[in-house]
Amino acid sequence: MTSIVIFGAGAIGRGFVGALFGAAGWRITFIDVDTALVDRLNADGGYRVVEVSHDGERPVPIDQVGALAFADGGAVAEALAGADLAAVAVGAANLPQVAIALARGLEARARAGAGPLDVLVCENLPDAPAVLTRHATAALAGPAVALGAAHTAIGRMVPVPVPGLAEPTDVRVEPYAFLPYEARAFTGPRPEVPGLVPITGDFAMYDDRKLFVHNMGHCMLAYLGERRGHAFIWQAVADVELRYLVRGAMIQATEALSTGYRVPAGPLAAHVDDLLARFGNAGLADTTERVGRDPLRKMQPDDRMLGAYRACREAGNRPTYLAVAVALGAARLVREDGWDAARVARHLDAALGTADPGRPLIDRAIESLGRGLSVDELVRLVDGVHLADPTF
Ligand SMILES: NC(=O)C1=CN([C@@H]2O[C@H](COP(=O)(O)OP(=O)(O)OC[C@H]3O[C@@H](n4cnc5c(N)ncnc54)[C@H](O)[C@@H]3O)[C@@H](O)[C@H]2O)C=CC1
Ligand SMILES: O=P(O)(O)OC[C@H]1O[C@](O)(CO)[C@@H](O)[C@@H]1O
């Protein structure tokens, strides 16, 4: 039986990677720091993925499952030595730690005479495969096999599991199950797993579509939703003014992709409307808190907010709604991380340069949000600029 080792038995590890490989009949070994979860998965030998849609719920059992504690380094290296493939879904901040365990596995494979190890890197971080490879290489202490770290674009939304599930290891997911990965990073054969889609050409368009359209729109919706007191994403997307602003920003991001990658705009716009419908999946109970978490990472120059804004600017377009996304992210840094106006200004200067023509709108929106600007005023602000200032 083919087998995969998955670092991270959380939402994406269990709810997406495990779901796809389990359904395809692979044996799964999860590695996690949560020892209670490890014990439970071992006791049950599996878990359930519950697909939630407007049509109801569909439980899918995943069998042939084992788990190891991350701290059990010897057993983890041995599992990696015998695996056909690995995956990582631990959260970007934990990649350096996992890379060390991977290095031990690459050495164990060399000792066992096994071949190189391919790894699906399932993190919302554009250079996650490079980060993982760099840290793993630095941690090598002896002869080792090669590592093929492949980027993925994770589109399935899997909320944080809530207490009160029928089974504690149940994971509730949306039905969407398309996992593109960067096939050219692989050293070995491509796995035959339904839903796992090898992209043989340039992966960047998938990456940017995921980050600048899906994640940017989702995050903007979360920050707007929080301001309106919405705990859930489905409540935020049902709020017409919020949907209006977010759709505007998502469309501006797709226009940038269409220009930058020379792909038709129509299917990208359809993708936006599909995403907005998926954001409305109330059964998922996805929260504005989960989608908006870690604002500093999300406000890095290449990440969803500033990255989408810059892509729009580079395509020669006017990122008016995207300016609001940036302002909402900046306002979150002020509120959550205690940034003052000077620090925000330095961050934006570094990301956008000091002469960005959209900066007055961003600055005005940040300043107004700080004074408690309402969402309808925000709509008027951005539409006013959009209509009145064709130079921006
Ligand atoms: N949940 C979602 O809908 C999506 C998440 N992502 C990305 O997927 C990645 C994983 O996110 P989630 O699964 O949502 O997070 P999660 O918090 O549900 O799961 C992460 C798991 O990794 C474990 N972990 C932490 N450090 C570890 C280590 N050193 N070794 C082994 N396990 C370790 C945690 O105990 C936890 O079980 C993140 O980069 C996230 O941005 C991307 C798209 C969708
Ligand atoms: O996990 P992050 O990077 O904090 O961001 C959350 C985003 O990632 C996803 O969980 C998966 O793309 C989205 O649902 C959400 O927009």
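Charge first: this protein carries 37 positive and 46 negative side chains, and the centres of those two sets sit 2 Å apart. Keep in mind that you're looking at a predicted model. Here's the rundown on its build, surface and domains.

**Overall build**
- DSSP-style bookkeeping aside, the secondary structure adds up to 16 helices and 11 strands.
- The radius of gyration is 22 Å, which agrees with the value near 21 Å that a compact globule of 392 residues would have.
- Along the principal axes, the C-alpha atoms take up a box of roughly 70 × 45 × 40 Å.

**Burial, contacts and surface**
- Buried residues make up 54% of the 392 in the protein.
- Take the contacts with a separation of 6 or more: 73% of them come from residues 24 or more positions apart.
- About 15,900 Å² of the protein is exposed, and 54% of that area is supplied by carbon and sulfur atoms.

**Two domains**
- The chain splits up into domain 1, covering 3–199, and domain 2, covering 204–388.
- Going by C-alpha atoms, the centres of domain 1 and domain 2 are 30 Å from each other.
- The two domains do touch: 22 residues of domain 1 are in contact with 21 residues of domain 2, where contact means heavy atoms within 4.5 Å.

Note on methods. Residues are numbered from 1 along each chain as its sequence is written. Chains are lettered from A and ligands numbered from 1 in the order in which they are written. This is a predicted model: local features need pLDDT of at least 70, side-chain atom pairs count only at pLDDT 80 or more; totals for chains, interfaces and linings use all residues. Side-chain values use heavy atoms; hydrogens and water are left out. Helices (H or I, at least four residues) and strands (E, at least two) are DSSP runs, numbered from the N terminus. The radius of gyration is taken over C-alpha atoms; the globule rule is 2.2 Å times the number of residues to the power 0.38. Buried means under 20% relative accessible area, exposed over 50%, partly exposed in between (1.4 Å probe, protein chains only). Accessible areas come from the Shrake-Rupley method with a 1.4 Å probe; for residues, only the protein chains shown count as cover. Lys and Arg count as positive and Asp and Glu as negative; His and the chain ends are not counted. The place of a charge is taken as NZ of Lys, CZ of Arg, CG of Asp or CD of Glu. Domain bounds come from an automatic or database domain assignment.
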